[in-house]
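Q: Please take a close look at one part of this structure, the disulfide and what lies around it. I am new to this structure, so plain wording would help.

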Amino acid sequence: TTVQLTDIMGERSVTLKAEVTVDGTVYSLTQAVSFGNGPLAVFRLPAVPGGAVGTAQWATNRPISTPGTTFPAAEMCGGSGDTTWSGGIYYGQTKLPTRAELQAVSGTAGNSVWQAAGWPNVNYWSGELFDPAFAFDVGVDNGNVVVPDFVVNSNRVVCRR
């Protein structure tokens with residue numbers, strides 16, 4: 001008999017015990033199984049009071065080259081902003097996830113892993129810009145990518161490790 005285990009969360013160990021009786025004799029085997037990093041392994045919660053998923057604007061001015069622009073979502077993750085960004089590129093210094101990383105835990109592509117992590121069912125900022133006035137975000141329930149105004153909208157924030 002073959003048994004297949006899948007752990008959508010990853011990063012944990014379990015102990016399996018199998019027992020069978022043959023001609024009145026009980027045979028048993030106990031085996032530790034460790035799961036590697038699951039799709040949630042790339043994330044961490046921002047440093048906010050209570051350790052919860054945070055909410056912030058992506059930037060405070062549009063276009064981002066406006067003097068005095070700050071980047072609240074990136075700052076929540078311990079990342080930094082840059083006023084010379086252009087669209088269609090992922091900016092790792094924000095410490096925000098990529099669209100693909102968020103979709104990997106969504107309801108469509110990622111078996112709704114976001115629910116197991118206890119994340120609210122809302123849209124989350126990515127570290128990718130559409131252009132200097134809009135950033136991509138992803139809805140975790142369905143993996144849909146949206147391009148909201150990052151000054152007007154405050155979305156949820158999870159960070160990359």
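A: C77 and C159 form a disulfide, with 2.0 Å between their sulfur atoms. The model is a predicted one. A disulfide is a covalent bond that joins the sulfur atoms of two cysteines. Searching the whole structure gives one disulfide. The torsion about the S-S bond of C77 and C159 is about -80°, so this disulfide is left-handed. C77 sits in the loop between α1 and α2 (99–103), while C159 belongs to strand β9, so the bond ties together parts that are 82 residues apart in sequence.

Both ends can be checked for burial, where the cut-off is under 20% relative accessible area. C77 has 2% relative accessibility and therefore counts as buried. C159 has 0% relative accessibility and so counts as buried too.

Next comes V158, in the loop between β8 (154–157) and β9 (159–160). V158 is buried as well, because its relative accessible area is 1%. Leaving out residues up to four places away in sequence, V158 touches C77, one of the two cysteines of the disulfide. Other residues that V158 touches include F43, R44, L45, P46 and V53. Also among them are L96, P97, L102, W119 and Y124. The C-alpha atom of V158 is 8.9 Å from that of M76, and these two residues are 82 residues apart along the chain.

Conventions:
Residues numbered from 1 in each chain as written. Predicted model: local features only at pLDDT ≥ 70, side-chain atom pairs only at ≥ 80, totals over all residues. Heavy atoms only, no water. Helix = DSSP H or I, 4+ residues; strand = E, 2+ residues; numbered from the N terminus. Buried < 20%, exposed > 50% of the residue type's maximum accessible area, 1.4 Å probe, protein only. Contact = heavy atoms within 4.5 Å. Disulfide = S-S within 2.5 Å.
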